[in-house]
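Q: Please take a close look at one part of this structure and describe it for a reader who is new to it. A single connected account would be preferred.

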Amino acid sequence: MAYANFKPTVWSKYIQHELSKMTVLQEDCNTCFEGEIGLGKTVKIIGVSRPNVGTYVPGSDIDTAETPADSSMLLTVDQFRYTHFIVDDVDRAQSQEGLMQAYLRESTSALAECRDRYIAATAAAGTLRSASLAVATAADARAAIDAALVTLWDNGVKVTDGVSITVSPWFYALLKNALTAELSNNAELLQKGVLGLYNGATVKMSNNLVRDGADDCMLVRTKNAVAFASGIEKTEAYRPDKQFADAVKVLDCYGAKLVRPRELYVVCAHKA
């Protein structure tokens, strides 16, 4: 090929990133088992039942000690996801510095979205749920969330128990005018996905929620309703044989379990 016909590519110093979906669901899980589950693939979560309360009559014997019911369950790390990519030395030399870091960032975002979708699916299997709701107005949205909160309150959940409401973008657009406090200027809370408060609960938005037919499965829950733990998080860089390039493998292993079903309510709704 004649040199005059060669048209070199000009590499931009700006790196285009893929749009990340809003990853907020892990923030509202119970992650206290993280340290234990690293020792193996499964951890047994001990369930504690509430003892009965008796009336003591002075001078009389009390009832025989009761054996509380065993409500233990297993949390298993059974989700395994990875990314694996390669960056040629020539590409990296011709591009602006930071190409490898950009790929790592996209890798992290993609894996985080997988976590959120899995947590959403685990939570959406909860037994406390609404019928399919056609939501057209802000009043409809408020009524759906109010019904969910009343159910949790009836189950003994307190306003101070840290309830979160995670909804789809279209539902949030209807609900936002009912928020008792909008937090759009609070950078720290925005990083955690918190957009406002409603009846003492934090309101968040996610496009990683489960779609069941026409319905989005939106979640109203305490932080203790779903347990989440990651077992292995590895990032390995290496130089492939016979290539002038760097490659990176990222492994993410985790599991989630609905451990307090009475503290989670699924709002099944679609746009009317």
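A: The part chosen here begins with Asp 215, which is found in strand E10, covering residues 215–222. The model is a predicted one. Asp 215 is buried, yet it has no salt bridge. The nearest side chain of opposite charge belongs to Arg 129, at 7.6 Å, and a salt bridge would require the charged atoms to lie within 4 Å. The side chain of Asp 215 does, however, make a polar contact of 2.6 Å with the side chain of His 270. Setting aside neighbours within four places in sequence, Asp 215 is in contact with Ser 132, Leu 133 and Val 210, and also with Cys 268, Ala 269 and His 270.

The account now turns to the second largest pocket, which holds about 360 Å³ of space. Its lining consists of 18 residues, and those nearest the centre are Thr 108, Leu 111, Arg 115, Glu 233 and Asp 252. Helix H3 (99–124), strand E11 (226–238) and strand E12 (245–258) each contribute at least two residues to this lining. Of the elements, H3 gives the most, with seven residues.

Helix H3 also contains Thr 122. Thr 122 is classed as buried because its relative accessible area is 15%, under the limit of 20%. Beyond residues up to four places away in sequence, Thr 122 touches Ala 256, Lys 257 and Leu 258. Thr 122 and Lys 257 are 135 residues apart in sequence, but their C-alpha atoms are 6.5 Å apart in space.

Terms used: Residues numbered from 1 in each chain as written. Predicted model: local features only at pLDDT ≥ 70, side-chain atom pairs only at ≥ 80, totals over all residues. Heavy atoms only, no water. Helix = DSSP H or I, 4+ residues; strand = E, 2+ residues; numbered from the N terminus. Buried < 20%, exposed > 50% of the residue type's maximum accessible area, 1.4 Å probe, protein only. Lys, Arg positive; Asp, Glu negative; His and termini not counted. Polar contact = N/O pair within 3.5 Å; in protein donor to acceptor, adjacent residues only side chain to side chain. Contact = heavy atoms within 4.5 Å. 1 Å grid on protein atoms, 1.4 Å probe; cavity = no way out; pocket = protein on both sides within 12 Å on 5 of 7 lines; lining within 4 Å. Points joined across faces, edges and corners; volume = space filled by probe spheres on them.
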